[in-house]
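Me: Could you walk me through this structure, one question at a time? I would like short answers with the reasoning shown.

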Amino acid sequence: MPEEAFPLLPPYRIKVVEPIPFLTAGQRREAYAAAGYNPFNLRADQITVDLLSDSGTGATSSAQEAAAARGDESYAGARSWFPFRDEVRDLTGYPHVLPVHQGRAAERIVFSTILRPGQICLSNTHFDTTHANVELAGAEARDLPTPRALDLDSDDPFKGDVDLDALERTLAGPDGERVGLVLMTITNNGLGAQPVSMANLTAASELCRRYRVPFWLDAARFAENAWLVREREPGYADLSPREIATRAFQLADGCVISLKKDGLAPVGGVIGVRDPDIFATCEANLIATEGFSTYGGLAGHDLERLAVGLREVVDEDYLRSRAASTARLARLINEAGVDTVQPAGIHALYLNAGRLLPHLDPGRFPGHALASQLYLTGGIRCAELGSLYLGELNDDHQLVRPAPFELVRLAIPRRVYTEAHLEYVARTLGEIAKQPDQVPGYRITAAPRVLRHFKVRLEPAV
Ligand SMILES: *Cc1c(COP(=O)(O)O)cnc(C)c1O
């Protein structure tokens, strides 16, 4: 079996390609200065390897494009709706399915249905838009990650878990009455792409049942979580990734999913739910704000791509090769002298910029400094997850409360880059790691009040 002996081998070959630009160092310096030293302001045609996000950036397959050609764009009851609905029902076991254009629309609709102002939503870690949508519903988003996640270097297999003791304490304590929802993010995107174990999901689900609190999944990476469960959790090696994912959905009352990740398509999302009353309220909201309930803001061709993508993403050979590829990149980066959050997840690697650049204090944004250097040295785009994104600033844009860690996220698009592209990333990091003290820090020149990282402008601080 070649795939067993050589886990890196992808179960596909390339049929359609897209050129990527190679800029000179001078062109990159100019482009980055014009972008206000913020990678979100760069144009895609100024980037050689784009690791900003794994969302909507994957390659589709010939089977998906063949299905898309059959897309039915009827306003109601489109032919394309039914294979999508059936695939989601079959995968999740939830009888009620609503399509949405992307994950945050699912969040908005579900939270405004389930949560009341003043309530609390508990999570292993809320993703940023999830956090925002909980608060837009008037509720408080509270993260209860396992303390094991705080050790970035340990090889604990399930650092994405929720802290079960803290969860039970909260449910049983004075705030317990106000808990309106427990939402588990699989995998834990806000916290190092770490997976959640089935044991943790099962225990959290039982606690929620005992305290009569709805238990939902934010399942953008349900297939990647299932793969890591299969690899790391005793008792799952003989189940298929799809069977494991279905078991996870079965533990919950419903799910919100951004299908821009494990849906293997550029756009899409879905709500799955057991309760017919919650479904009916969500459906009314969907029709008023997103589109009729058989398309939800998606085109028929999107629904077709997604129905096929949801099958392809649980293919063992695909998941094995993707996991092996990310793990190999982590190894190459570590060998080049840069530490990453351990153990490697699947959709992203997190570089420990604080450790690589000790000459920069958090107020000079070492994560942003490393992300910037990756662009300036190699045309590689990625984003920091440190004090620029998560720290607290005063009105003069000075950092007053740093983030706990200064990290940089390298998100890996699905089926897009070859091992040569990833080796290039590791090699560029190796170049930077030879003279880390040459990497300049940054200061903010202009920052918006909300969602700062998208629009902030900076300059090198020399
Ligand atoms: C991407 C993501 C979302 C939001 O989905 P969009 O499709 O970007 O709106 C929510 N939760 C998690 C865990 C995500 O990764």
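Me: Thanks! To start, which residue stands opposite L385 in β14?
Reply: Happy to help; please note that this is a predicted model, where local features need pLDDT of at least 70, side-chain atom pairs count only at pLDDT 80 or more, and totals for chains, interfaces and linings use all residues. Residues are numbered from 1 along each chain as its sequence is written, and side-chain values use heavy atoms, with hydrogens and water left out. Helices (H or I, at least four residues) and strands (E, at least two) are DSSP runs numbered from the N terminus. In β14, the residue opposite L385 is L407.

Me: How many bridges join β11 to β14?
Reply: Two strands pair if DSSP finds at least two bridges between them. β11 and strand β14 (residues 407–411) run antiparallel, and the number of bridges joining them is three.

Me: Why is one side of β9 and of β11 left without a neighbour in the sheet?
Reply: The open sheet here has three strands in antiparallel pairing, in the order β9-β14-β11. β9 (348–352) and β11 (383–385) each have one side without a neighbour because each stands at an edge, with a single partner strand.

Me: By how many degrees are neighbouring strands of this sheet turned against each other on average?
Reply: Axes are lines fitted to C-alpha atoms, for helices over the stretch in contact, and angles run from 0 to 180 degrees between N-to-C directions. For this sheet direction is ignored, and the average is 35 degrees.

Me: What is the strand order in the open sheet of seven strands?
Reply: Its edge strands, each pairing on one side only, are β2 (96–100) and β4. Neighbouring strands are turned by 20 degrees on average, direction ignored. The pairing is mixed, and the order is β2-β8-β7-β6-β5-β3-β4.

Me: Which residue stands opposite V256 in β8?
Reply: Strand β7 (residues 254–258) and strand β8 (residues 269–273) pair in the antiparallel sense over five bridges. Across from V256 in β8 is I271.

Me: Is the crossover from β3 through α6 to β4 right-handed or left-handed?
Reply: Strand β3 (residues 120–123) and strand β4 (residues 140–143) pair in the parallel sense over four bridges, with L122 opposite R142. The chain passes from β3 through α6 to β4 as a β-α-β crossover. The test is to point the strands away from the viewer: a path from the first strand over the helix to the second that runs clockwise is right-handed. Here the crossover is right-handed.

Me: Which helix gives the most residues to the shell around the ligand?
Reply: A residue is near a molecule if one of its heavy atoms lies within 4 Å of it. Of the 15 residues around the ligand, Q102, R104, D218, S258 and K261 come nearest. α5 (103–114) and α6 (128–136) each supply at least two residues. With three residues, the helix that gives the most is α5.

Me: How much of the ligand does the protein bury?
Reply: Look at the polar contacts (pairs of N or O atoms within 3.5 Å). A ligand nitrogen is 2.8 Å from an N or O atom in the side chain of D218, while a ligand oxygen is 3.0 Å from one in the side chain of K261. By the Shrake-Rupley method with a 1.4 Å probe, the ligand taken alone exposes 380 Å², and the buried part of that is 98%.

Me: Where does P343 lie?
Reply: The peptide bond from Q342 to P343 is cis, with omega near -15 degrees. P343 is in the loop between α13 (316–335) and β9.

Conventions
A polar contact is a pair of N or O atoms within 3.5 Å; within protein, one must be able to donate a hydrogen and the other to accept it, and residues adjacent in sequence count only if both atoms are side-chain atoms.
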